[in-house]
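Thanks for coming, everyone. I'll take you through one protein chain, piece by piece. Please have the viewer open.

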Amino acid sequence: MKALVYYDSKNAKVEEVSAPELTSGTVKVKVEYAGICGTDLHEYLHKTFITADKMILGHEFTGEVVEVAEDVTRFESGDRVAVEPIWGCGECASCKKGNYNTCPNMKSYGLHEDGGFAEYVVVKEENVFGLPDGLSYELAALVEPTAVVLHAVRNSEFRVGDTVAVFGAGPIGLLLSETLRAAGASKIFVVEVNEKRRELAKQMGADIVIDPSKEDAVKIIQEMTNGGVDVAYDAAGIEVTFNNALDSTKPNGEFMVVSVFSKPVSYHPANQLISEKKITASLGYNNIFGEVIDLLAKGSINAGPVITNKIALDDIIEQGFDKLIDDKSECKILVSPK
C-alpha cells in the first residue's frame, strides 16, 4: 500500500509499504480522509515525539472498516468510522480517573504507532467510533480537532453568556470560536493577522475580528468589555499572544492555553497577581469522541469552513506540509489516499 513514511526532520516520503495486518482486538480501516494537524507540521520540522526510526504520520483520520479480528464484536466490514488516536497506560493515577490524555505514557497513532496518512491502518477496537449516515467523511476527519476544542471549552470556566477572546485563527482557533458560539458566548473576539483566516472566523462564530498588526487588540477588547473578557484562549502559541490574551482577560477571569508552544515565553507574574487572573491549560481530550460526532452530525457545530483544501496523498509534502508552512491563508488540509 501507499503511505507517508517519516524518517526525520524534513525527511518524509510517500512510499510503497506492506499493508498492516490484524492482531487480536483490532480493526482494519480503509482511510478516506486524514487531516494535517499542527502537531504533524511540528514533527515534520522538528522531530520531537517520534522515537522510532520510521513512522507513518497522521492522527486525524476516518474511513471504512474492511476487516476485523475474530474477537471484535462492535464492528464489521462496511462500517463507516472515525478513530480516536490516543490512549493511556490504564494504570497511572490519571488513567484511573479517566484522564488518559494526561497519562505520562500516553500514546497516539501517527506518533507512536503507524497512523492515517496511508491507504490502510489497523487500530484497536476501543479506539473506533461508528459514524451516522448523515455525517460526511470530510466532516468526520474533523472529529479529532473538534474534540480538542470541546475539551478546552468544558475544562475552562466558560459559562453561557460569557464574553470570550480567541487569539489565533488556525484550525483550533476557528473551531474554538464556532464551538463557543454554539455554547452560548455573548460576544466572541478573534485576533488573527491573516486576512483569509479572519474571513473564516466571521463564518465560524466570531462577532469581532481584529488584525493585531494594524490595531491594538488588547485595548479594543478591554474597551468593548469594560475591562476584559471572562475567558481568553491562546490558540496561536507564541509569546505575544500569550501576554495579549492574559492582558485581555478581566480581573478574576481565566486565560487558557490550548496551543502547543515551541518556545518558552516570558511574562510578569505581577500582572496576574494584582488582578487574580487564572492561567489554565487544556491538553487533547478524553471520553468525548462520541459526543463530538453527534454534535457535528446534527450541525450544532459548523466545522466545514475550516477545510480549505483537499489533496491526494502523493502531493502531501508539496501541497500539504510545505503549503501550510508557507501559506498562512491555508487552514485545514485533508489528505485522501485514493
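One definition before we start. Buried means under 20% relative accessible area, exposed means over 50%, and partly exposed is in between. Keep in mind that this is a predicted model.

Let's use that definition right away. Take Glu 157. Its relative accessible area is 38%, so Glu 157 is partly exposed. Its partner is Lys 278, and the two form a salt bridge. The closest N and O atoms are 3.9 Å apart. Lys 278 has a relative accessible area of 32%, so Lys 278 is partly exposed too. Where do Lys 278 and Glu 157 sit in the chain? Lys 278 is in strand S16, residues 278-281. Glu 157 is in the loop between H4 and S11. They are 121 residues apart, so this pair links distant parts of the chain.

Why do such pairs form at all? Side chains of opposite charge can pair when their charged atoms come close.

How many salt bridges does the structure hold? The count is 13. I'll show you two others.

Next up is Glu 291 with Arg 154. Their side chains meet in a salt bridge, at 2.3 Å from N to O. Glu 291 belongs to helix H10, residues 289-298, and Arg 154 to helix H4. That is 137 residues apart, another link between distant parts of the chain. Are these two buried or partly exposed? Glu 291 has 34% relative accessibility, so it counts as partly exposed. Arg 154 has 48%, so it counts as partly exposed as well.

Now Arg 74 and Glu 125. This salt bridge has its closest N and O atoms 3.8 Å apart. Arg 74 lies in the loop between strands S5 and S6, and Glu 125 in the loop between S9 and S10, so the pair ties together parts 51 residues apart in sequence. Look at the accessibility here. Arg 74, at 47%, counts as partly exposed. Glu 125, at 12%, is buried.

On to helix H5, residues 171-183. Does its length agree or disagree with what we expect? At 1.5 Å a residue, its 13 residues should span 18 Å. The end C-alpha atoms are 18 Å apart, so that agrees. Several of its residues are buried, including Leu 174, Leu 175, Leu 176 and Glu 178. What do the buried residues of H5 pack against? Among the partners are helix H4, helix H6 and strand S14. Just after H5 comes Gly 184, with a positive phi near 100°.

Stay with helix H4 for a moment. Thr 146 is found there. At 1% relative accessibility, Thr 146 counts as buried. Leaving out residues up to four places away in sequence, Thr 146 touches Leu 175, Val 292, Leu 296 and Ile 301. You have met Leu 175 already, as one of the buried residues of H5.

Last stop: the second largest pocket. Its volume is about 220 Å³. Strands S4 and S9 are the elements that give two or more residues to its lining. S9 gives the largest share, three residues. In total, 16 residues line this pocket. Nearest its centre are Met 1, Ser 18, Pro 20, Ile 56 and Asp 114. What classes make up the lining? Eleven residues are nonpolar, two are polar and three are charged.

That's the tour. Questions, please.

How values were computed. Residues are numbered from 1 along each chain as its sequence is written. This is a predicted model: local features need pLDDT of at least 70, side-chain atom pairs count only at pLDDT 80 or more; totals for chains, interfaces and linings use all residues. Side-chain values use heavy atoms; hydrogens and water are left out. Helices (H or I, at least four residues) and strands (E, at least two) are DSSP runs, numbered from the N terminus. The expected span of a helix is 1.5 Å times one less than its number of residues. Buried means under 20% relative accessible area, exposed over 50%, partly exposed in between (1.4 Å probe, protein chains only). Contact means heavy atoms within 4.5 Å. On a 1 Å grid over the protein atoms alone, a cavity is a set of points where a 1.4 Å probe fits but cannot get out, and a pocket is an open set with protein on both sides within 12 Å along at least five of seven lines; lining residues have an atom within 4 Å of a point. Grid points are joined across faces, edges and corners, and a volume is the space filled by probe spheres set on the points. Ala, Val, Leu, Ile, Met, Phe, Trp, Tyr, Cys and Pro count as nonpolar, Asp, Glu, Lys and Arg as charged, and the others, Gly among them, as polar. A salt bridge is a side-chain nitrogen of Lys or Arg within 4 Å of a carboxyl oxygen of Asp or Glu.
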